[in-house]
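Below is a short set of questions and answers about a predicted model. Each answer sets a computed value against the criterion it depends on.

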Amino acid sequence: MSDSRQPIGVIGTGYVGLVTAAGFAELGSEVWCVDIDAEKIARLRRGEVPIYEPGLEELLARNSERMHFSTDIADALANARLLFVAVGTPPTYSGDADLSAVQAVADAIPASREHALIMKSTVPCGTGASLRRVFDEQDKGGLAYVSCPEFLKEGTAVKDFLHPDRVVIGDDGGWAGDAVVELYAPLGAPLVRTDIASAEMVKLASNAFLATKISFINEIANVCEPTGADVVEVARGMGLDDRIGSKFLQAGIGYGGSCFPKDVDALKQLAGNSGYHFQLLTAVIEVNELQKRRVIGKLHKHLGGLVGKRIALLGLAFKPNTDDMREASSLVLSARLHADGADVTAYDPVAEEQARKLVTGIAFADSALEALRDADAAVLVTEWQELLELDWGAVAEAMRGTLVIDGRNALDPQLLRESGLLYEGIGRR
Ligand code: UDX
């Protein structure tokens, strides 16, 4: 099969770039990966994987003969017509996406009728159109452009690439769109082939909708608390309606990560830039910010003042199976606890190295039980499997107090209570 597969270039070797590269190599393409970070490229050449993503190391190793790494975009241009762009688009102070990395790639591509830019990075709706205008001004109108948003989730990115719910391809109906359709064909996923602006909007709207679902169930949880309802039961009852669906109805201490906070902000800002006030998203963002702080109120309720109180944070990453700390709820939580004078010790099975770069004023432990030693209270921040399977009898023995706040509603209240612990979830009876 590999002989008939188009070679591709992938520019940017972050989560999206590396998984896309390894995924297409698995499907038989020769892949030229480019990044401006020379150290990262050197590591990749040595077979090291710079991020923690289950299954990625194996996928890269299995396809290493088809994968090439370089800091020079010319290597990709010389070997492939289709150049996937997977560079960062972080938020700016105004909430707009920072497109300077995308722009730098566009500037680096010479005039060509042979090449196409395939946009994987999440960009505001209208980016494709403005890049086309820039290409025209630079006499590079022959370049083809395709929007092909990525929907992978960190922690299951490899599986998401190989078994996508859908593939969305936005283009003007030319050769490049056809070539991308062909690249994805072996995956057998439903295909949405549309115009560029609509493809860009599918990505932003999908992430904003999922974030809305989370903020909605978090508000239901907050209303459950004074009314005696249990949000886990409520979500189960709601989710069985297949118009609603059971996914993304897990109440907790808010969403984080590299996508939801950034993309929700970007969509709100995009609307604002054209004079439309996206009220719903304003609320989604505010609910999420407040939700990160709800644990503080619960700790105060049980412990009174927090000065000198020993608090164990179990998990720090924005979700399990990743070392990503971007916009993690633990960042706000640990900073608030520190500001309130608490004595915080945290444990995360994988994210400690990343956390140390961002979090100050807290101690790190090598195991959950070490973090829990003499703690007045514990907070489950990230539902790592290892933390869900703790020996709660041993936890009760290690702690000075009994309070365990389940920030992800992922623990069994009964089991904890039987071990003599005081369980409190988010919106749970
Ligand atoms: C998300 C989108 O799911 C993915 O399609 C897109 O390409 C990138 O953004 P990701 O950021 O990897 O993926 O994480 P996801 O699993 O979606 O979780 C995001 C956040 O929402 C996490 O902090 C998670 O803890 C939280 N979450 C998720 C909830 O609080 N409740 C839920 O029910 C689901």
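Q: Why is helix 11 called roughly antiparallel to helix 12?
A: The axes of helix 11 (residues 260-273) and helix 12 (residues 279-303) cross at roughly 150° and come within 9 Å. Angles over 145 degrees count as roughly antiparallel, and therefore helix 11 is roughly antiparallel to helix 12. The crossing of helix 11 and helix 12 is left-handed.

Q: What makes helix 9 and helix 10 oblique to each other?
A: Their axes cross at roughly 135° and come within 9 Å, helix 10 being residues 231-239. An angle over 145 degrees would count as roughly antiparallel, and 65 to 115 as roughly perpendicular, with the rest oblique. Helix 9 and helix 10 are therefore oblique. Helix 9 passes helix 10 in a right-handed crossing.

Q: Which helix gives the largest share of the shell around the ligand?
A: Helix 9 (residues 196-227) does, with three residues. There are 18 residues around the ligand, and F151, L152, E154, Q250 and K319 come nearest. By class, the shell has nine nonpolar, six charged and three polar residues.

Q: How do you know that L152 makes a polar contact with the ligand?
A: A backbone N or O atom of L152 lies 2.9 Å from an oxygen atom of the ligand. A polar contact is a pair of N or O atoms within 3.5 Å, so the L152 pair qualifies. For G256, a backbone N or O atom lies 3.0 Å from a ligand oxygen atom. A polar backbone atom of E150 is 3.5 Å from an oxygen atom of the ligand.

Q: How much of the ligand does the protein bury?
A: Taken alone, the ligand exposes 670 Å², and the protein buries 91% of that.

Terms used
Residues numbered from 1 in each chain as written. Predicted model: local features only at pLDDT ≥ 70, side-chain atom pairs only at ≥ 80, totals over all residues. Heavy atoms only, no water. Near = heavy atom within 4 Å. Polar contact = N/O pair within 3.5 Å; in protein donor to acceptor, adjacent residues only side chain to side chain. Areas by Shrake-Rupley, 256 points an atom, 1.4 Å probe, with all protein chains shown as cover. Helix = DSSP H or I, 4+ residues; strand = E, 2+ residues; numbered from the N terminus. Nonpolar A, V, L, I, M, F, W, Y, C, P; charged D, E, K, R; others polar. Axes fitted to C-alpha atoms, helices over the stretch in contact; angles between N-to-C directions. Parallel < 35°, antiparallel > 145°, perpendicular 65-115°, else oblique. Left-handed = near helix turned anticlockwise from the far one by under 90°.
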